[in-house]
Amino acid sequence: MRLSKLFFTTLRDDPSEAEMPSHRLLLRAGYVRQLGAGLYSLLPLGFRVTRRVEQVIREEMDRIGCQEMEMPVIHPADLWRESGRYDQIGPEMARFKDRSGRDMVIAMTHEEVVADLLRDIVRSYRQLPVMVYHFQTKFRDEPRSRGGLIRVREFVMKDSYSCDRDEAGLDRSYQLHHEAYGRIFERLGLRAIAVASDVGMMGGSQAHEFMVLNPAGEDVLALCESCGFSANRQVAAVRPPTIPEAEQRPMEEVETPGTTTIAELAAYLGIEPAETAKAAFFVAGDGRLVTAIVRGDREVNETKLANVVRAEGGLRPALAEEIAAAGMEPGYGSPIGAHDTMVVVDEIAAGTPNLVAGANRVGWHMRNVNVGRDFRPDLIADIDNAQEGDPCPSCGLPVVLRNGVEVGNIFKLGTKYTAALGATYLGEDGQAHPIVMGSYGIGLGRNVACIVEAHHDDKGIVWPAQVAPYAAHLVAIGSNRDPQVANIAERLHAAALAAGPEHEILYDDRDESPGVKLTDAELLGMPRILTVSPRSIAAGGVEVTIRATGARSTISIEEVEASLTGVPTED
Ligand SMILES: [Zn+2]
């Protein structure tokens with residue numbers, strides 16, 4: 001490919017809107033352009049990398065027996081009503097009416113379509129198991145799109161679906177995907193770790209996310225460096241620390257003016273935050289007010305809380321008037337004397353005696369509050385956010401918290417969709433059984449961005465050979481003065497082109513200064529930079545620079561040509 005013909009342009013300066021290195025470099029090097037919030041065009045270079053990532057994923061999906069197909073982007077809303085998700089999913093799903101006035105959705109994912117196909121096609125246990133996948137455009141109207149290709153609204157995703165007779169079959173399909181994902185991320189040059197995760201809007205019984213550590217990542221992971229335990233903080237189980245035993249003392253009111261935070265309260269009374277109860281107030285999608293109590297030194301984990309109160313569609317913070325309507329005072333609130341609220345108390349707080357909690361009166365708290373004696377919780381559960389240094393649930397040693405970006409996920413769905421849609425098969429017992437499903441996703445653009453995050457330096461991108469848009473970047477220097485330079489460069493370019501599409505190289509034939517050409521070659525990031533100049537010819541051939549290490553050597557023209565075309569060199 002001649003650079004003089006390539007549809008792209010590089011930027012000399014860092015784009016001001018880009019915070020993450022991948023965003024900055026993909027813009028600067030002319031791989032992508034932004035059309036709107038969370039909407040990106042892939043320029044030819046960006047498209048080529050994405051196609052190579054897609055091919056790695058395709059090969060590993062095919063290898064585990066997953067069959068490629070394609071399902072539509074636009075779905076009739078009725079299908080999503082059958083599963084119940086039409087109403088459960090909020091404004092992140094785009095909806096419209098077609099010309100006949102029928103409700104339609106722009107698909108975020110394809111569980112419903114697969115379940116619909118299963119009820120059409122599968123009759124007998126002999127047709128199972130089966131696994132299918134596709135690469136398809138998705139649209140999710142995310143409120144915060146940021147970080148370039150890391151968090152977008154429109155993106156292409158590989159999503160695959162396993163369809164089994166029973167849970168044991170699902171376990172096998174899940175394991176096959178787990179292993180395939182490990183191979184995919186390794187081939188893409190990503191150090192991804194599988195962490196236990198929340199099932200979220202997918203539903204189902206078990207899920208893992210494949211995470212790449214990145215300080216700018218939106219997810220927080222709890223990791224144990226001793227035993228290898230890893231979980232998304234959203235679900236990380238915290239083992240309660242030892243709780244001091246004490247006699248329950250009588251509850252009494254104490255004046256605490258101007259203490260609306262735990263820090264102010266503890267300082268005013270001269271006690272530890274761990275001796276207080278912290279209240280947080282949320283409203284579920286169905287309008288229920290949920291009062292969550294954790295110990296003052298801990299934080300409420302909203303995902304755990306939403307799961308234990310079965311708040312499909314999540315929770316939002318309660319308004320002051322909603323809290324007051326339940327008989328509680330924001331800043332001095334507690335469940336003591338409250339009404340019309342569901343009270344969930346964390347296990348650690350529930351087991352700690354004689355806490356200081358709000359008196360539901362401005363400027364006052366209660367001392368010696370004991371859960372169960374002074375108010376009755378509706379639920380006692382782990383709703384606590386894991387903290388750095390908490391004991392690992394597996395081995396008890398301290399965990400560390402790290403930020404990560406999710407590059408893939410796998411879900412055990414079970415029969416949630418097939419039962420709702422009536423996708424059954426006749427078993428060997430002659431009875432109808434719902435088909436057991438799993439679903440598995442990998443976003444292409446996000447993986448491209450994560451590869452750049454992991455493979456770049458201060459000069460530009462450093463593509464791993466497996467996904468580089470071109471195998472080499474050929475730079476001709478002084479070709480307008482020295483016809484020999486032009487001849488050699490043209491010969492190498494033609495040889496690579498003739499060897500087939502997978503051997504194609506990028507050839508900088510532009511009328512630019514050597515400085516511009518070499519700077520661009522480093523910015524664009526092909527694994528090898530081949531420089532032909534009067535000096536390299538005098539030294540015996542072509543100067544070959546390995547982009548990753550900067551190592552340079554002069555190699556004969558014949559040898560370089562052979563390496564470009566895949567023909568082994570003689571001797
Ligand atoms: Zn551990």
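Here are some worked exercises on the structure above.

The model is predicted, so local features need pLDDT of at least 70 and side-chain atom pairs count only at pLDDT 80 or more, while totals for chains, interfaces and linings use all residues. Residues are numbered from 1 along each chain as its sequence is written, and side-chain values use heavy atoms, without hydrogens and water.

**Exercise 1. The whole chain**

Task: Find how many helices and strands the chain has, and what share of its residues is buried.

Solution:
- Step 1. Helices (H or I, at least four residues) and strands (E, at least two) are DSSP runs numbered from the N terminus. The chain has 16 helices and 31 strands.
- Step 2. Buried means under 20% relative accessible area, exposed over 50%, and partly exposed in between (1.4 Å probe, protein chains only). Of the 571 residues, 51% are buried.
- Step 3. Now look at the extent: the C-alpha atoms fill a box of roughly 95 × 65 × 50 Å along the principal axes.
- Step 4. Contact means heavy atoms within 4.5 Å. Among contacts with a separation of 6 or more, 69% join residues 24 or more positions apart.

**Exercise 2. A sheet of five strands**

Task: Work out which strands stand at the edges of the sheet S28-S27-S29-S30-S31, and which helices touch its strands.

Solution:
- Step 1. Two strands pair if DSSP finds at least two bridges between them. This open sheet of 5 strands has mixed pairing.
- Step 2. Strand S28 (506-508) and strand S31 (552-555) pair on one side only, and they are the edge strands.
- Step 3. Neighbouring strands here are turned by 25° against each other on average, direction ignored.
- Step 4. Zoom in on one pair: S30 (residues 542-546) and S31 run antiparallel and are joined by 4 bridges. Within this pair, Glu-543 of S30 is opposite Thr-554 in S31.
- Step 5. Axes are lines fitted to C-alpha atoms, for helices over the stretch in contact, and angles run from 0 to 180 degrees between N-to-C directions. Helix H13 (residues 483-498) packs on the sheet and touches S27, S28, S29 and S30, with its direction at about 160° to that of S27.
- Step 6. Helix H16 (residues 557-565) lies across S27, S29, S30 and S31, and runs at about 145° to S29.

**Exercise 3. A sheet of three strands**

Task: Explain why S13 and S18 each have a side without a neighbour in the sheet.

Solution:
- Step 1. Write down the order of this open sheet of 3 strands: S13-S19-S18, with antiparallel pairing.
- Step 2. Strand S13 (252-255) and strand S18 (355-361) are at the edges with a single partner strand each, so one side of each lacks a neighbour in the sheet.
- Step 3. On average, neighbouring strands are turned by 40° against each other, direction ignored.
- Step 4. S18 and strand S19 (residues 364-369) run antiparallel, with 4 bridges between them; Arg-361 stands opposite Trp-364 in S19.

**Exercise 4. One helix and one residue**

Task: Decide how many residues of helix H12 are buried, and describe the surroundings of Ile-106.

Solution:
- Step 1. Helix H12 (residues 444-454) is mostly covered, with 8 of its 11 residues buried. Among them are Leu-444, Val-448 and Ile-451.
- Step 2. Ile-106 belongs to strand S6 (residues 103-106) and is partly exposed, with a relative accessible area of 23%.
- Step 3. Leaving aside neighbours within four places in sequence, Ile-106 is in contact with Val-73, Ile-74, Met-93, Ala-94, Phe-96 and Phe-139.
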